[in-house]
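Q: I have a model open and would like to learn how to read its features. Where do we start?

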Amino acid sequence: MYFETLELERNGPIATVWMNRPDLHNAFNETLIAELTRAFVVLDGDDSVRVVILAGRGPSFCAGADLAWMRRAADYSEEKNRADALALARMLKTLYRMQKPTIARVHGAAFGGGTGLTAACDMAIAADSATFALSEVRLGLIPATIGPYVADAIGWRQARRYFLSAERIDAALARQLGLVHEISPAEQLDARIGKLVQELCKGAPAAQAEAKLLLADLRAGSPLDDALLEKTAWHIARVRSQPEAREGLSAFLDKRPPGWLPAKKP
């Protein structure tokens, strides 16, 4: 695939999508949004890919919206602005709904849309020097398309504060809020992500995809919801009857690696 604003790196079953506008701190424009969407769709449909890492070249992960793009958008009609916003919403939705596990590799600035990308990934590991902000209100805007993902990550009460205050959030606070799972010294960031990738690759691919679907049901439900409890029983019954589950259980009983893992060398 040819990209103008991305680099796609493959290392066996691991795909890294590098946003590659370093001089502009990987800020969003129409092209980057469209190319991210295309990359996520293609990688999600590739059975040889097990984990997708989202990263940024240069000093920042993603510093939000490209100001030149924003200036152009100010002169757009409402219809054109709606189309632009829907393209961004579609990209974030595509990332959030990928069947593969996704990891945000965050360093430097992750402002506005960069915070949204972090929240839309399944996991986020940040350098201890990373900084986040929902800075939209200081530009007369609102964190609309990223809002569902950020509020889901940090909770509605915290979202009420940071959507309105636009305060800078350092890496330690981002971890405390739940926006990132771990922080690491910058020089150890890739090694830490590598260890997480190893753990992810031990899981069964279809089971991981099913687990993401299960989480969507659980988020909207409650242990007091009998319909949800019945649905979870149906879900595990269906998964348990699939070839992957039978292989996993057989491998466990036979004390051998399951088929989705390479066999151990004698």
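A: With a strand, bearing in mind that this is a predicted model. Ile-14, Thr-16 and Trp-18 point one way from β2, while Ala-15, Val-17 and Met-19 point the other way, and all are buried.

Q: What do the side chains do in a regular strand?

A: In a regular strand they alternate between the two faces of the sheet. The two sets of residues in β2 fit that description: Ile-14, Thr-16 and Trp-18 on one side, Ala-15, Val-17 and Met-19 on the other.

Q: How many residues of β2 are buried, and what does that say about its surroundings?

A: Buried means under 20% relative accessible area. In β2, 6 of the 6 residues are buried, so the strand is largely enclosed by the rest of the structure.

Q: How do strands of a sheet pair?

A: They pair through backbone hydrogen bonds, either parallel or antiparallel. Strand β2 has a partner of each kind. Strand β1 (residues 6–11) runs antiparallel to β2, and 6 bridges join them. Leu-6 has Met-19 of β2 as its bridge partner. Strand β3 (residues 51–56) runs parallel to β2, also with 6 bridges. There, Ile-14 stands opposite Val-51 of β3.

Q: What path does the chain take from β2 to β3?

A: The chain passes through α1, making a β-α-β crossover that is right-handed.

Q: What links β1 to β2?

A: These two strands form a hairpin with 2 residues between them. Gly-12 in the turn has a positive phi of about 60°.

Q: Which residues other than glycine have a positive phi?

A: Two cases are His-25 and Ala-166. His-25 has a positive phi of about 55° and is found in the loop between β2 (14–19) and α1 (30–44). For Ala-166, phi is near 60°; this residue is in the loop between α6 (156–165) and β8 (168–170).

Q: Is each of them buried, exposed or partly exposed, and why?

A: His-25 counts as partly exposed because its relative accessibility is 33%. Ala-166 counts as buried because its relative accessibility is 3%.

Q: In what order do the strands of the sheet containing β8 lie?

A: The order is β5-β7-β8, in an open sheet of 3 strands with mixed pairing. The edge strands are β5 (109–111) and β8, each of which pairs on one side only. Neighbouring strands in this sheet are turned by 20° against each other on average, direction ignored. Strand β7 (residues 131–133) pairs with β8 in the antiparallel sense over 3 bridges, and Thr-131 has Asp-170 of β8 as its bridge partner.

Q: Which helix lies across β5 and β7?

A: Helix α4 (residues 113–120) does, running at about 90° to β5.

Q: By what are two packed helices described?

A: By the angle between their axes and the distance between the axes. Here, helix α9 (residues 205–220) packs with helix α10 (residues 226–240) at an angle of about 175°, and their axes are 11 Å apart. An angle over 145 degrees counts as roughly antiparallel, and α9 and α10 are therefore roughly antiparallel to each other.

Q: Which residues make the contact?

A: From α9 they are Glu-210, Leu-213, Leu-214, Asp-217 and Leu-218; from α10 they are Leu-228, Lys-231, Thr-232, His-235, Arg-238 and Val-239. By class, the contact of α9 with α10 has 5 nonpolar, 2 polar and 4 charged residues.

Conventions:
Residues are numbered from 1 along each chain as its sequence is written. This is a predicted model: local features need pLDDT of at least 70, side-chain atom pairs count only at pLDDT 80 or more; totals for chains, interfaces and linings use all residues. Side-chain values use heavy atoms; hydrogens and water are left out. Helices (H or I, at least four residues) and strands (E, at least two) are DSSP runs, numbered from the N terminus. Buried means under 20% relative accessible area, exposed over 50%, partly exposed in between (1.4 Å probe, protein chains only). Axes are lines fitted to C-alpha atoms, for helices over the stretch in contact, and angles run from 0 to 180 degrees between N-to-C directions. Angles under 35 degrees count as roughly parallel, over 145 as roughly antiparallel, 65 to 115 as roughly perpendicular and the rest as oblique. Contact means heavy atoms within 4.5 Å. Ala, Val, Leu, Ile, Met, Phe, Trp, Tyr, Cys and Pro count as nonpolar, Asp, Glu, Lys and Arg as charged, and the others, Gly among them, as polar. Two strands pair if DSSP finds at least two bridges between them. A crossover is right-handed if, with the strands pointing away from the viewer, the path from the first strand over the helix to the second runs clockwise.
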